[in-house]
Amino acid sequence: MTTTCPHNTLIMRNILDELNRLAPWYTAETWDNVGLILGRSDQKITHILCALEVTPAVVKEARRRRCNLIIVHHPIIFKPLSRIDYAHYPGSLLRELIRHDIHLIAIHTNLDKSLYGTNYALAERIGLHNCTFLSPDTVERKAVKLVVFVPEGHEGKVIEAISSGGGGIIGNYSHCTFRSKGTGTFKPLARATPFIGQKGNLEEVQEYRLESIVPCSRIHQVVREMLEAHPYEETAYDIIPLEETDSSQGLGCIGTLESPVSLSVMASRLKRLLNSKTIKIIGSPDTIIRKIAICTGAADSVISMGQGVSADVFIVGEINHHTAVAASINALNVLVAGHYETEIVGMLHLRKILSENPLIQSAGVRVVTATHQSSPFSRCL
Ligand SMILES: [Zn+2]
């Protein structure tokens, strides 16, 4: 007789992999500290608690709800710690977590930059349409552009050589090149054995500028084969590094409301939707808005580039006084809705995604949101 376990086992590494699919760890800012913050990657996970940050109340709730993993947005450790003082934050909380064998993951700026992240979650809550990233990430492409100058009539052989070396492949297509015609000049010197022309004479030759994409891993092989196929004694060629924008990740987001509203109506709506205690307003309350830029949490850098963004208003978590002064002078409309209030929406969204994840479901692991969490600003008079 065999017995089957009703649930698959879910370990920390599985959760890290699933989160990586939603918001790749490598997209986090270099100053950030994301991923496994406390614990071990082979730990079996019982249940998961999602929160904006670790507080004593959140740790207590994790214990009560039998969660041995807390996923937070804000990392409790940013910089290397020189001491862990049990009497003060963060040492007091780290001690509590370790004492109760509760593990910790931080998903921070990589979540902000994700299509499943804080900015898109807030855009959905507000009801924005046609959303795109405010500033898509620029990523280094794992390929270079190879440009070579080939005398007319030899281009076919060179294209074949580049292709056989592994260049010129785009998706399901091989032999991808572009060529433009021009005039090349050269004068063979005394020790040259020129393919075309005479020593000491300035030559003008009809040549093609031939361009193709080559993966970085193949560039040495491609250049070797290209040089073998090329008729010239000295071949002129360039290898150009490439960058491209990646529209699957980026900073902030921008979208449009179905119907335009005034700035003051939008502020009231936002207060209700986010349960914010206050909404600070920069701009005339009567201004009609439709296109909205969003940056959850701290948004000083986004407001600084504000004039280059064609938005009627910026909805942000917080900005400092000097950024607010500049925004006001530059006639930007801004609604400041609170750091906690704008970002908790993203963690609620993440909880929903994780709770619908088949791997997590099949392991019988519950994903819950901390109910005992709030903005540290408990009252506004
Ligand atoms: Zn934040």
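**A covered helix and a zinc site**

Visitor: Which residues are buried in α5?
Guide: Glad you asked; this is a predicted model, where local features need pLDDT of at least 70, side-chain atom pairs count only at pLDDT 80 or more, and totals for chains, interfaces and linings use all residues. Residues are numbered from 1 along each chain as its sequence is written, and side-chain values rest on heavy atoms, leaving out hydrogens and water. Helix α5 (a DSSP run of H or I, at least four residues, numbered from the N terminus) spans residues 118-126 and is mostly covered. Its buried residues (under 20% relative accessible area, 1.4 Å probe, protein chains only) are Thr118, Asn119, Tyr120, Ala121, Leu122, Ala123 and Ile126.

Visitor: Which residue just after α5 takes a positive phi?
Guide: Look past the end of α5, residues 118-126. There, a phi of about 95° belongs to Gly127.

Visitor: What spacing do the donors of the zinc ion follow along the chain?
Guide: The protein donors (N, O or S atoms within 2.8 Å of the metal) are His74 (NE2), His339 (NE2) and two OE atoms of Glu343, lying 2.0 to 2.7 Å from the zinc ion. His74 sits in the loop between β3 and α3, while Glu343 belongs to helix α11, 269 residues apart. Along the chain, the pattern reads H-x264-H-x3-E.

Visitor: What is the arrangement of the four donor atoms around the zinc ion?
Guide: To count as tetrahedral, four donors need all angles between 85 and 135 degrees. Here the angles run from 52 to 132°, so the arrangement is irregular.

Definitions and conventions: Donors = N, O, S within 2.8 Å, 3.2 Å for Na, K, Ca; no water. Tetrahedral: all angles 85-135°; square planar, octahedral: opposite > 155°, others 65-115°. Helix = DSSP H or I, 4+ residues; strand = E, 2+ residues; numbered from the N terminus. Buried < 20%, exposed > 50% of the residue type's maximum accessible area, 1.4 Å probe, protein only.
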